[in-house]
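Biologist: Pick one part of this protein and take me through it closely. Start from a single residue and work outward. Which neighbours does that lead to?

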Amino acid sequence: MRRFLLVLCAGFLLSFVPAIAHACSRLDCSTDSDGVRIGIQQRDYIAAGLDPITGLVATVSYRYMTRLACPRDLQVPDGGYVGCPNLAGKCDANDPNGGVGPLSILYRQVLSPATFRPVGPWVAIGATCFPETDFTGARTLGLDSIRRAWSLTPWAVPAVHLQPEGNITLVTLPAYVEVRWPAKGFQPGETNTVTLLGYRVRIRPTLEHYLYHFGDGQTAGPTRDPGGPWPDGHVIHPYPQPGTYPTRVDVTYGGQFSLDNGPWTTIPDTTTVTGATTTLTVKTAKN
């Protein structure tokens, strides 16, 4: 499937758009949309992987960006615009099918077929009254895409190690509980690297908390304490009755991401993974 990336001129989460090369041979960028108007049909062409001008299957992949159709960038700090007479009346705020605007220039940039990284300049291909439309069919590299990739991380599933050793203890004797991590999966602090729309994204699970289940209806946590062995461990539980008890520790993960080796940013989400069960046998001591 061809990959596309729409980069909006305002409110885009990841600011990695280079300076625009204003190539406006088909369109008067400074005054009006005398060139091609990108409407609903052309928008649907792009979402379907077709060339928005010809409607034919695109032979290369692109990413897209919009900017206000102004002779200069005259946006005010709140994101509005002033001094752009060419915007007035060019879009119909009462006709959602026609686009509410403001009138914007749509640019595209060729992506490498091997790496899907941009090559060449931004080129203006038309004007549009849908400046905030995702022309790529919701394939924007934003926080939703990163959160989705984070949620698909192969999480490490923790287990508990119990003392006394052998998973056998006596009634009223405190059992010491410690978190143990398997080699499989990504545990807190380890880094999973994925490629999203041609960009290298590092995803690092973080620890939110543990919740210990002792198998007798009692729990400990939420806590960030990984427990430990006798005599220094702080996660301890005595069993007053003999029996077999399925013990486990559940871990709640958070996460961070880094784009192209940039700084780490927190992912505003958590997920809880149920730990592997370890059966503890509790016996009664005999004289």
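Modeller: Let us start at Glu 178, which counts as buried, at 19% relative accessibility. The cut-off for buried is under 20%, so Glu 178 falls on the buried side of the line. Bear in mind that this is a predicted model.

Glu 178 has a charged partner. Its salt bridge is with Arg 180, and the closest N and O atoms are 3.6 Å apart. Arg 180 is partly exposed, with a relative accessible area of 41%. One end of this pair is therefore buried, and the other end is partly exposed.

Now the strand. S8 covers residues 175–180. It sits in an open sheet of 3 strands, in the order S6-S8-S12, with antiparallel pairing. The edges are S6 and S12 (236–237), and each of these pairs on one side only. In general, strands of a sheet pair through backbone hydrogen bonds, either parallel or antiparallel. Between S8 and S12 there are 2 bridges, and the two strands run antiparallel. Tyr 176 stands opposite Ile 236 of S12.

S8 also feeds the core. The largest nonpolar core has 31 residues. Val 177 is among the four that touch the most other members; the others are Tyr 210, Tyr 212 and Tyr 239. At least two residues of this core come from each of several elements, including S6 (159–163), S8, S10 (199–213) and S13 (243–259). Helix H2 (143–151) and strand S16 (278–283) each supply at least two as well.

Follow Tyr 239 outward. Leaving aside neighbours within four places in sequence, its contacts include Val 171, Thr 172 and Ala 175. Others are Phe 214, Asp 216, Tyr 245 and Thr 247. Leu 280 and Val 282 are also on the list.

Thr 172 deserves a stop. It is found in the loop between S7 and S8. It counts as exposed, at 59% relative accessibility, and it is still in contact with Tyr 239. Its phi is near 70 degrees, a positive value in a residue other than glycine. Most residues other than glycine have a negative phi, and most peptide bonds are trans.

Step back to the loop between S6 and S7 (168–170), where Pro 164 is found. A cis peptide bond joins Gln 163 and Pro 164, with omega at about 10 degrees. Asn 167 is in the loop between S6 and S7 too. Its phi is positive, about 60 degrees, although Asn 167 is not a glycine. Asn 167 is partly exposed, with a relative accessible area of 28%.

There is another cis bond on the way to S12. Trp 230 and Pro 231 are joined by it, and omega is about 5 degrees. Pro 231 lies in the loop between S11 (219–223) and S12.

On the other side of S6 in sequence, look at the loop between H2 and S6. Thr 153 has its place there. Thr 153 counts as buried, at 4% relative accessibility. Its side chain reaches the backbone oxygen of Trp 150 at 2.7 Å. Not counting residues up to four places away in sequence, Thr 153 touches Phe 186, Asn 192, Ile 203 and Pro 205.

H2 brings us back to salt bridges. The structure holds 3 of them. In one, the side chains of Asp 269 and Arg 147 meet at 3.5 Å, N to O. Asp 269 is in the loop between S14 (265–266) and S15 (271–273) and Arg 147 is in H2, so this pair ties together parts 122 residues apart in sequence. Asp 269 counts as partly exposed at 29%. Arg 147 counts as partly exposed at 22%.

Arg 248 and Asp 250 form another salt bridge, at 2.8 Å, N to O. Here Arg 248 is partly exposed at 25% relative accessibility, whereas Asp 250 is buried at 7%. Compare that with the starting pair: there too the acid, Glu 178, counts as buried, and the arginine, Arg 180, counts as partly exposed.

Last, the setting. The protein has 2 helices and 16 strands. Buried residues are 41% of its 287 residues. Among contacts with a separation of 6 or more, 68% link residues 24 or more positions apart.

Definitions and conventions: Residues are numbered from 1 along each chain as its sequence is written. This is a predicted model: local features need pLDDT of at least 70, side-chain atom pairs count only at pLDDT 80 or more; totals for chains, interfaces and linings use all residues. Side-chain values use heavy atoms; hydrogens and water are left out. Helices (H or I, at least four residues) and strands (E, at least two) are DSSP runs, numbered from the N terminus. Buried means under 20% relative accessible area, exposed over 50%, partly exposed in between (1.4 Å probe, protein chains only). Contact means heavy atoms within 4.5 Å. A nonpolar core is a set of buried Ala, Val, Leu, Ile, Met, Phe, Trp, Tyr and Cys residues joined through side-chain atoms within 4.5 Å. A salt bridge is a side-chain nitrogen of Lys or Arg within 4 Å of a carboxyl oxygen of Asp or Glu. Two strands pair if DSSP finds at least two bridges between them. A polar contact is a pair of N or O atoms within 3.5 Å; within protein, one must be able to donate a hydrogen and the other to accept it, and residues adjacent in sequence count only if both atoms are side-chain atoms.
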